[in-house]
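Grab your viewer and work through these short exercises on disulfides and burial. Each task comes with a stepwise solution.

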Amino acid sequence: RCSAGTYASSSDVATSACRSCPAGMFSSQDSSTACGFCAAGMFANASGLTSCARCSAGTYASSSDVATSACRSCPAGMFSSQDSSTACGFCAAGMFANASGLTSC
């Protein structure tokens, strides 16, 4: 029986080998047969994790960032003011963000 953070695929069951979930994936339950991907706005930066962490303000992870082990910084000209962002927003007219990873314009 594999503990949370690990899994045994159908080919591993015969050998009783548990493998750590790779970075970018997680397993929150015992006896998993596969690891799950983090939801958009979340990441898993190490192997063997039982949950994903939230991207901090100024960073994001979109739904196309599958198996992400790190959040991306919002590029210059854009910002993210909340944790768990799935995208960065553009600055309003007359405002600017002159660096990457900003939480406001």
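The exercises below use a predicted model.

**Exercise 1.** Find how many disulfides the structure holds and work out their pairing pattern.

*Solution.* Start with the count: there are six disulfides. Next, number the bonded cysteines along the chain, and the pairing reads 1-2, 3-4, 5-6, 7-8, 9-10, 11-12.

**Exercise 2.** Take the disulfide between Cys 55 and Cys 71 and work out its handedness, its place in the chain and the burial of both ends.

*Solution.* First, check the bond: the S to S distance is 2.0 Å. Then look at the torsion about the S-S bond, which is about -85°, so this disulfide is left-handed. The pair links distant parts of the chain, 16 residues apart: Cys 55 sits in the loop between E6 and strand E7 (59-60), and Cys 71 in the loop between E7 and strand E8 (72-73). Now for burial, where the cut-off is under 20% relative accessible area. Cys 55 comes out at 0%, so it counts as buried. Cys 71 has 21%, so it is partly exposed.

**Exercise 3.** Decide whether Ser 27 is buried or exposed, and find its side-chain polar partner.

*Solution.* Locate Ser 27 first: it lies in the loop between strand E3 (25-26) and strand E4 (36-37). Its relative accessibility is 3%, so Ser 27 counts as buried. Then list the neighbours beyond four places in sequence; among them are Ala 4, Cys 21 and Leu 49. Ser 32 is also one of these contacts, and its side chain makes a polar contact with the side chain of Ser 27 at 2.8 Å.

Terms used:
Residues numbered from 1 in each chain as written. Predicted model: local features only at pLDDT ≥ 70, side-chain atom pairs only at ≥ 80, totals over all residues. Heavy atoms only, no water. Helix = DSSP H or I, 4+ residues; strand = E, 2+ residues; numbered from the N terminus. Buried < 20%, exposed > 50% of the residue type's maximum accessible area, 1.4 Å probe, protein only. Polar contact = N/O pair within 3.5 Å; in protein donor to acceptor, adjacent residues only side chain to side chain. Contact = heavy atoms within 4.5 Å. Disulfide = S-S within 2.5 Å.
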